[in-house]
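Welcome! Open the structure in your viewer, keep the sequence beside it, and follow along one stop at a time.

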Amino acid sequence: MAEQKKDKGKPKKIEYKQGKMCPKCNCKMGEHSDRLTCGKCRYTEFKKHEPQK
Ligand SMILES: [Zn+2]
């Protein structure tokens, strides 16, 4: 009887926070653990590694 879930699971706007567009062909790039790769033109962009202290 307890109503724990008040949200009806209404789909919110999908945030393309991680989505990055390919600068070459303007397609969405696939995200990997340490790089972004465009599946269309194979453009690869490595993620910036934060410098250690
Ligand atoms: Zn591309």
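In what order do the three strands form the open sheet? Select the strands and follow them across: the order is E1-E2-E3, and the pairing is antiparallel. Keep in mind as you look that this is a predicted model.

**The whole chain**

Now zoom out. The chain contains three strands and zero helices, so colouring by secondary structure will give you the pattern β-β-β from the N terminus on. Try colouring by burial next: among the 53 residues of the chain, 6% count as buried. As for contacts with a separation of 6 or more, residues 24 or more positions apart make up 0% of them.

**The edges of the sheet**

Select residues 30-31 and then 44-46. These are strand E1 and strand E3, the edge strands, and each of them pairs on one side only. Strands of a sheet pair through backbone hydrogen bonds, either parallel or antiparallel.

**From E1 to E2**

Add residues 35-37, which are strand E2; two bridges join E1 to E2, and the two run antiparallel. To find a bridge by eye, click on Glu31: its bridge partner in E2 is Leu36.

**A stop at Thr37**

Stay in strand E2 and pick Thr37. Is Thr37 buried, exposed or partly exposed? Thr37 has 16 other C-beta atoms within 10 Å, so it is partly exposed; a buried residue would need 20 or more. Setting aside neighbours within four places in sequence, you can highlight the contacts of Thr37: Met29, Gly30, His32, Arg42 and Thr44. Then draw a distance from Thr37 to Cys22, C-alpha to C-alpha: the two are 15 residues apart in sequence and 8.2 Å apart in space.

**Two residues with positive phi**

One of the contacts of Thr37 is Arg42, so let us go there next. Arg42 is in the loop between E2 and E3. Arg42 is not a glycine, yet its phi is positive, at about 65 degrees. Arg42 counts as exposed because it has 10 C-beta neighbours inside 10 Å, and the cut-off for exposed is 12 or fewer.

For the last stop, go back to the segment before E1 and select Asn26. What is the phi of Asn26 near? Its value is near 60 degrees, which is positive in a residue other than glycine. Asn26 has 10 other C-beta atoms within 10 Å and is therefore exposed.

Methods
Residues are numbered from 1 along each chain as its sequence is written. This is a predicted model: local features need pLDDT of at least 70, side-chain atom pairs count only at pLDDT 80 or more; totals for chains, interfaces and linings use all residues. Helices (H or I, at least four residues) and strands (E, at least two) are DSSP runs, numbered from the N terminus. Two residues are in contact if their C-beta atoms, placed from the backbone, lie within 7 Å. Two strands pair if DSSP finds at least two bridges between them.
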